[in-house]
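Me: Please take a close look at one part of this protein: how its helices pack against each other. Keep it brisk.

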Amino acid sequence: MVIDLNADLGEGFGIWRLGDDLALLDIVTSANVACGFHAGDPVTIRRTCAAAVDRGVTIGAQVSYHDLAHFGRREMDVEPEELCAEVLYQIAAVDGIARAMGGRVSYVKPHGALYNRVCRDETQATAVVNAVADYDPSLSVVTLPGSAVHAAAAAVGVSTVSEAFADRAYTPEGMLVARAKPGAVIHDPAEVVARACQMAIEGSVTAVDGTSISISARTICIHGDTPGAVRLAKEVQNALLAAGVVLQAFT
């Protein structure tokens with residue numbers, strides 16, 4: 001059993017700090033680095049990439065809608081050409097800084113509202129994967145197992161990586177419960193740890209209606225902006241290792 005642990009990092013902006021990036025980089029195997037559109041700025045991107053390189057953590061570009069005011073969690077209708085260009089811009093920015101720090105971007109993961117939208121919207125999914133293909137078709141795109149991204153990516157020769165969320169509630173259809181709904185984010189450490197082990201070992205998760213759904217995933221996300229994120233990530237790491245799971249980046 002091999003699984004990747006990823007976290008959203010580099011989400012500070014200016015004088016504002018969000019999460020403990022350095023502590024999380026000692027735990028995770030992949031870092032989704034904010035590209036400046038929902039969070040992050042050049043200094044934060046540089047520091048996060050440098051720290052990831054120092055620790056041997058794989059770097060991913062966490063692309064989003066251009067929405068700093070709402071942290072990229074507001075769904076937007078963006079024309080395909082514009083969305084493709086904006087995603088391309090974000091990948092290039094983080095990859096350029098990562099390379100200057102001795103690393104590189106190895107994958108792309110949409111953030112927030114864009115992540116959820118491309119799971120069901122073929123047009124926006126195609127715009128995102130076209131940006132990846134334009135920049136570097138060897139990069140993988142991280143998405144949910146049942147996402148529309150898989151077919152869109154296959155059409156242009158881009159690979160995908162299926163992801164699970166230990167701290168998010170699931171619908172019976174295998175999608176994430178909208179954050180605006182009660183219980184969408186799971187805060188109980190014991191429950192998050194149990195779900196992570198269930199996902200990694202059994203390949204399943206319990207949906208909000210109590211049904212068990214198949215969720216074959218290569219990477220598990222622990223959000224870095226939630227309270228107690230570092231302790232939670234450490235508990236997940238320890239539980240997976242104790243269960244015999246090998247923690248290793250997917251790239």
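Reply: Here is the helix packing, with the whole protein as a frame.

This is a predicted model, in which local features need pLDDT of at least 70, side-chain atom pairs count only at pLDDT 80 or more, and totals for chains, interfaces and linings use all residues. Residues are numbered from 1 along each chain as its sequence is written, and side-chain values use heavy atoms, with hydrogens and water left out.

The protein has eight helices and 10 strands. These are DSSP runs numbered from the N terminus: helices are H or I with at least four residues, strands E with at least two. Buried residues (under 20% relative accessible area, 1.4 Å probe, protein chains only) make up 56% of the 251 residues.

Two packed helices are described by the angle between their axes and the distance between the axes. Axes are lines fitted to C-alpha atoms, for helices over the stretch in contact, and angles run from 0 to 180 degrees between N-to-C directions.

Start with helix α3 (residues 80–100) and helix α5 (residues 122–135). Their axes lie 8 Å apart, at an angle of about 40°. α3 and α5 are therefore oblique to each other. Angles under 35 degrees count as roughly parallel, over 145 as roughly antiparallel, 65 to 115 as roughly perpendicular and the rest as oblique. The crossing of α3 and α5 is right-handed, meaning that the near helix is turned clockwise from the far one by less than a right angle; anticlockwise is left-handed. Contact means heavy atoms within 4.5 Å. On the α3 side, the contact residues include Leu83, Val87 and Ile91; on the α5 side, they include Ala127, Val128 and Ala131. By class, this contact has 12 nonpolar, three polar and two charged residues. Ala, Val, Leu, Ile, Met, Phe, Trp, Tyr, Cys and Pro count as nonpolar, Asp, Glu, Lys and Arg as charged, and the others, Gly among them, as polar.

α5 also packs with helix α4 (residues 112–120). Here the angle is about 115° and the axes are 6 Å apart. That makes α4 roughly perpendicular to α5. The crossing is left-handed. Leu114, Arg117, Val118 and Arg120 of α4 meet Glu122, Gln124, Ala125 and Val128 of α5. Four of these residues are nonpolar, one is polar and three are charged.

α3 has another partner, helix α2 (residues 42–55), at about 50° with axes 9 Å apart. α2 is therefore oblique to α3. Their crossing is right-handed. Pro42, Ile45, Arg46 and Cys49 of α2 touch Val94, Ile97 and Ala98 of α3. That contact has six nonpolar residues, no polar and one charged.

Definitions and conventions:
Buried means under 20% relative accessible area, exposed over 50%, partly exposed in between (1.4 Å probe, protein chains only).
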